[in-house]
Amino acid sequence: MIRSLAVLCVLLGSVPAVAAEPVTAAESAASGFGHFVDPPTAADLSEPYESGGWEWRRLKREVVFVGPDGREWVAPAGAVVNGASIPTALRSWVGEPWDWEAGYVEASIVHDVYCTAPYDTTVASGDVHRMFYDACRARGVSRWRAGVMYAAVWTFGPRWEEAIAAVR
């Protein structure tokens, strides 16, 4: 089912991206999906630089997302992110990785940090991908759009439990 949804997302590549409605901190906290302690803005990221075919940016300050269960997801100052949480095949539909109007950049920043090796092996990859969904919803991304992106990161994102088991 999830893989079928991911394939459907690829086929929807010609659908235009739609901006999320701006969400205040109070609305985010009341959403039931968690909230960002102090949502990041474009000013909180360095100028982009290219490496390995990706556009990378460095966080100038810590970014914290508090999930609906109260768990804190921390992207530390100095962390390097590349927007890879937004799958290339979906970008024409959901928007580019640094499209702040789309509402998911904040979620992508924290998700990128947790999905970059070396992985935080104390956190399950499935939990990290679910956090991405919750953070998207907390920032006003529609249930359907956040669900499509969640299906993509769940299907195509890293699974470090499998990598760790293979080494043992």
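This predicted model holds 4 aromatic pairs. One of them joins F36 and F65 in a tilted arrangement, with 5.0 Å from centre to centre and 55° between the planes. This pair links distant parts of the chain, since F36 lies in strand 1 (residues 35-36) and F65 in strand 4, 29 residues apart. The points below cover the rings, the nonpolar core, helix 5 and the salt bridges.

**Aromatic rings**

- Both F36 and F65 are buried.
- The tilted class takes plane angles that are neither under 30 degrees nor over 60, and the F36 and F65 planes stand 55° apart.
- A single aromatic cluster is formed by F33, Y133 and Y150.
- R71 places its charged end over the ring of W73, 4.4 Å from the ring centre.
- W154 has R159 over its face, at 4.4 Å from the ring centre.

**Nonpolar core**

- The largest nonpolar core contains 39 residues, and those with the most contacts inside it are W73, Y104, I109, V110, V128, C136 and M149.
- At least two residues of this core come from each of these elements: strand 4 (63-66), strand 5 (72-75), helix 3 (91-94), helix 4 (105-114), helix 5 (125-138) and helix 6 (143-156).
- Helix 5 is the element that gives the most to this core, supplying 7 residues.
- In soluble globular proteins, nonpolar side chains tend to be buried together.
- Leaving aside residues up to four places away in sequence, V128 touches W73, H111, Y114, C115, V123 and W160.

**Helix 5**

- Of the 14 residues in helix 5, 10 are buried, so the helix is mostly covered.
- The buried residues of helix 5 are S125, V128, H129, M131, F132, Y133, D134, A135, C136 and A138.
- With 14 residues at 1.5 Å a residue, helix 5 should span 20 Å, and the 20 Å between its end C-alpha atoms agrees with that.
- G140, just after helix 5, takes a positive phi of about 100°.

**Salt bridges**

- A search of the whole structure gives 6 salt bridges.
- Within helix 5, the side chains of D134 and R130 meet in a salt bridge at 3.2 Å, N to O; D134 and R130 are 4 residues apart, about one turn of the helix.
- D134 has a relative accessible area of 7% and is therefore buried, as the limit for that class is under 20%.
- R130 counts as partly exposed because its relative accessibility is 40%, which lies between the 20% and 50% limits.
- D38, D44 and R61 are joined into one network by salt bridges that share partners.
- Another salt bridge is formed by the side chains of E106 and R139, at 3.2 Å, N to O.
- The E106 and R139 pair links distant parts of the chain, with E106 in helix 4 and R139 in the loop between helix 5 and helix 6, 33 residues apart.
- E106 and R139 are both buried.
- The side chains of E55 and R57 also meet in a salt bridge, at 2.7 Å, N to O.
- E55 has a relative accessibility of 26% and so counts as partly exposed, whereas R57, with a relative accessible area of 15%, is buried.

Note on methods. Residues numbered from 1 in each chain as written. Predicted model: local features only at pLDDT ≥ 70, side-chain atom pairs only at ≥ 80, totals over all residues. Heavy atoms only, no water. Core = buried A, V, L, I, M, F, W, Y, C linked by side-chain atoms within 4.5 Å. Buried < 20%, exposed > 50% of the residue type's maximum accessible area, 1.4 Å probe, protein only. Contact = heavy atoms within 4.5 Å. Salt bridge = Lys/Arg side-chain N within 4 Å of Asp/Glu carboxyl O. Phe/Tyr/Trp six-rings, centres within 6.5 Å; stacked < 30°, edge-to-face > 60°. Lys NZ or Arg CZ within 6 Å of the ring centre and 35° of its normal. Expected span 1.5 Å × (residues − 1).
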